[in-house]
Amino acid sequence: MQKEDHRTRVAAERRDRMRRRLFESAIQLVARKGPAATSIDDVIQAAEVSRGTFYKYFDAPDTLFDALALEVMNDIIRMAEAVVVHFEDPAHRVSTGMRLAIRLAMANREVAGFLVRLGWPEMRGGRVLLDFVKRDLELGMRHHRFADMPMRLATNIVSMTVLGSVHAMLPTRSPKDFTEQAVASALRALGVEGKDAVRIATLELPVPEPLEGGLLAPWTTARAVRRQAPARKRATASELED
């Protein structure tokens, strides 16, 4: 029995290493070429594996890209989670989590373009993302910080604000406080009063530590995240409410 358990564990570890090898190769290619120009041949050549090995793990490039997008987004959420757990106010937690997720995604524009492929996370099995967000949304509703609403609607407000903001910021230069404007709007949609939503969305934003061993380590350094921050320390309430 112990020998079988050992074999099962070793096989699982081997599968995890190979998936990560394919992920690391794909993320480098996507960052350089973009997802549309990245083929199976590109990935297997970069990962130095056979086509047969690739198909043991993924049946098509889109399957790889979907799994990779979810992995990257969950890495981002884990980095944000390490920061937000220090706040008591659930509105502060949700706001900070959204702002950090947007800035971490935008630390590399090619990777950000790839991430918008993720779509609605619950349909992709994004349990890490939803578990953390649901916890804070439920806490906020329980303490009347947020309006009472279906959880699917509340998580949709949060996740679509993050992904929609990244999508909107990609093609053109956006105002430096675009993230804060988007997050303030999301907080208002969740039921936070207007001026309070603005105040929370423009609080000083901590910079998270890179996730050790994470796929985005080269792009989620403190310097890269700070580069996405507004030029001014804080936007005014009138600017965000216009």
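**Exercise 1. The surroundings of A147**

Task: In this predicted model, determine which residues A147 is in contact with, leaving aside its neighbours within four places in sequence.

Solution. Step 1: With those neighbours set aside, the contacts of A147 are M141, L190 and G191. Step 2: Locate A147 in the fold; the residue is found in the loop that connects α7 (127–142) and α8 (151–169). Step 3: Take the pair A147 and L190, which are 43 residues apart along the chain; their C-alpha atoms are separated by 5.9 Å. Step 4: Assign the exposure class. Buried requires under 20% relative accessible area and exposed requires over 50%. The relative accessibility of A147 is 33%, and A147 therefore counts as partly exposed.

**Exercise 2. L190 and the nonpolar cores**

Task: Identify the members of the largest nonpolar core that touch the most other members, and list the contacts of L190 beyond four places in sequence.

Solution. Step 1: The largest nonpolar core holds 62 residues, and the members touching the most others are L137, F146, L187 and L190. Step 2: Among the helices, α4 gives the most to this core, contributing 10 residues. Step 3: Another core, of five residues, lies apart from it and includes A80, F87, L100 and L205. Step 4: Without its neighbours within four places in sequence, L190 is in contact with V94, L137, F146, A147, M149, A154, I157 and V158.

**Exercise 3. The span and burial of α4**

Task: Test whether the end-to-end distance of helix α4 (residues 61–84) agrees with its expected span.

Solution. Step 1: The expected span is 1.5 Å times one less than the number of residues. Step 2: For the 24 residues of α4 this should give 34 Å. Step 3: The end C-alpha atoms of α4 are 34 Å apart, so the two values agree. Step 4: Consider the cover of the helix; 17 of the 24 residues in α4 are buried, and the helix is thus mostly covered.

**Exercise 4. Helix α2 and its end**

Task: State which residues of helix α2 (residues 40–47) are buried, and describe the backbone just after α2.

Solution. Step 1: The buried residues of α2 are I40, D42, V43, I44 and A47. Step 2: E48, just after the helix, takes a positive phi of about 60 degrees.

**Exercise 5. The protein as a whole**

Task: Summarise the secondary structure, burial and contacts of the protein.

Solution. Step 1: The secondary structure comprises 12 helices and zero strands. Step 2: Of the 242 residues, 49% are buried. Step 3: Among contacts with a separation of 6 or more, 73% join residues 24 or more positions apart. Step 4: The accessible surface is about 12,600 Å², and carbon and sulfur atoms account for 51% of it.

Methods: Residues are numbered from 1 along each chain as its sequence is written. This is a predicted model: local features need pLDDT of at least 70, side-chain atom pairs count only at pLDDT 80 or more; totals for chains, interfaces and linings use all residues. Side-chain values use heavy atoms; hydrogens and water are left out. Helices (H or I, at least four residues) and strands (E, at least two) are DSSP runs, numbered from the N terminus. Buried means under 20% relative accessible area, exposed over 50%, partly exposed in between (1.4 Å probe, protein chains only). A nonpolar core is a set of buried Ala, Val, Leu, Ile, Met, Phe, Trp, Tyr and Cys residues joined through side-chain atoms within 4.5 Å. Contact means heavy atoms within 4.5 Å. Accessible areas come from the Shrake-Rupley method with a 1.4 Å probe; for residues, only the protein chains shown count as cover.
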